[in-house]
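Welcome, and please open the model in your viewer. We will go from selection to selection, with a short note at each stop.

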Amino acid sequence: MRDPTGSVWRMAQTLSRGPVTGTAKPAGKRKPFLLDLYSTAVGKKYVMAITGILMILFVVGHMIGNLKMYQGVDADGVYAIDHYGEFLRELLYPLLPKYGALWIMRVGLIVTILLHIHAAYGLTVINRKARPVKYQSPRDYQIASFASRSMRWTGVIVLAFILWHLADLTFGWVNPDFEYGEVYRNIDATLSRWPVAIFYIVANVLLGIHLFHGTWSLFQSMGWNNPRFNPWRRWLAAGVATVIVVGNVSFPIAVLAGIVEHPGVS
Ligand code: HEM
């Protein structure tokens with residue numbers, strides 16, 4: 001029977017959904033569970049890992065799609081990669097309007113990137129609060145690998161690359177030879193400029209370093225870190241990073257070597 005004072009009832013309610021560790025607040029003022037979890041370091045690590053997995057899938061898919069530039073022209077005389085661009089723009093049409101599915105994916109990707117950055121920033125603040133005085137001993141730095149220490153600046157440079165890349169190949173603002181919808185031509189037009197090609201190569205090597213450490217640590221964040229699987233984790237992290245770097249760096253090299261060449265680009 002219900003306790004007439006209501007105290008047992010309130011206690012049962014509190015116990016039925018205990019607070020996330022370290023964030024106990026008076027009953028009634030508690031945030032929804034997911035926000036409560038996100039306010040902890042563990043929750044932010046989950047968000048980093050899940051958004052990281054989604055972005056790895058995007059980057060791998062994007063690289064595989066870009067391999068179509070090596071297919072040259074299809075039987076109808078149109079570049080295979082231009083067909084692919086058209087396919088993405090018309091995905092699920094007429095179920096959705098043209099560009100509908102593409103915009104859903106774009107918004108999903110933007111939200112994913114923003115969450116990844118927000119969680120990274122939040123974790124940095126938590127770490128700084130936990131250790132207001134910097135490590136005094138140089139030995140501490142040897143424990144962290146080059147990749148783990150460089151996550152912040154490789155992340156910032158990759159973000160800057162993505163913004164520039166959109167202005168270059170999606171909107172054409174920084175690509176004077178840009179022609180809307182002509183993906184093959186636009187790739188040749190931008191990557192045949194040496195400074196741009198070098199920027200793409202450097203940015204993709206930094207992306208590889210970021211992905212190597214990111215793939216490795218997402219297992220830790222998700223709690224999938226049984227030491228028995230460490231060799232697999234290392235192989236997977238190295239495999240993802242290598243596939244992305246080799247694939248993406250091959251594109252500027254192929255343009256500079258004249259393997260990818262559009263007759264309309266001087
Ligand atoms: C050399 C490597 C790369 C090449 C040749 C390349 C090529 C392209 C091209 C041609 C487009 C425009 C597609 C279209 O309008 O139909 C594009 C869009 C895009 N790329 Fe890349 N890309 C490369 C690397 C990357 C990397 C490393 C990232 C992310 C880390 C990335 C993220 C994006 C994004 C977010 C878009 C916009 C997609 C959209 O909204 O339509 N790209 N890329």
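What arrangement do the six donor atoms around the iron atom of the ligand make? Keep in mind that this is a predicted model, then select the iron atom and its donors. The arrangement is octahedral, because the angles that the six donor atoms subtend run from 85 to 180°.

Next, select H62 and H165. Each coordinates the iron atom through its NE2, at 1.9 to 2.0 Å. H62 sits in helix α3 and H165 in helix α7, so the pair ties together parts that are 103 residues apart in sequence. Buried or partly exposed: which describes H62? H62 is partly exposed, at a relative accessible area of 33%, while H165 is buried, at 19%.

Stay with these side chains and show distances to the ligand. A polar side-chain atom of H62 is 2.8 Å from a ligand nitrogen; for H165 there is such an atom 2.7 Å from a nitrogen of the ligand. Now add R106: an N or O atom of its side chain lies 2.5 Å from a ligand oxygen.

Widen the selection to the shell around the ligand. It holds 21 residues, and N66 and N248 are among those that come nearest. Colour by type and you will find 13 nonpolar, six polar and two charged residues. Colour by helix instead, and α7 gives the largest share, six residues; α3, α5, α8, α9 and α10 are among the helices that supply at least two each.

Finish on α5 (100-130). Its 31 residues reach 45 Å from first C-alpha to last. Among its buried residues are T112, I113 and H116.

Note on methods:
Residues are numbered from 1 along each chain as its sequence is written. This is a predicted model: local features need pLDDT of at least 70, side-chain atom pairs count only at pLDDT 80 or more; totals for chains, interfaces and linings use all residues. Side-chain values use heavy atoms; hydrogens and water are left out. A residue is near a molecule or strand if one of its heavy atoms lies within 4 Å of it. A polar contact is a pair of N or O atoms within 3.5 Å; within protein, one must be able to donate a hydrogen and the other to accept it, and residues adjacent in sequence count only if both atoms are side-chain atoms. Helices (H or I, at least four residues) and strands (E, at least two) are DSSP runs, numbered from the N terminus. Ala, Val, Leu, Ile, Met, Phe, Trp, Tyr, Cys and Pro count as nonpolar, Asp, Glu, Lys and Arg as charged, and the others, Gly among them, as polar. The expected span of a helix is 1.5 Å times one less than its number of residues. Buried means under 20% relative accessible area, exposed over 50%, partly exposed in between (1.4 Å probe, protein chains only). Donors are N, O and S atoms within 2.8 Å of the metal (3.2 Å for Na, K and Ca); water is not among the atoms, so sites may look incomplete. Four donors count as tetrahedral if all angles lie between 85 and 135 degrees; four count as square planar and six as octahedral if opposite donors are over 155 degrees apart and all others between 65 and 115; anything else is irregular.
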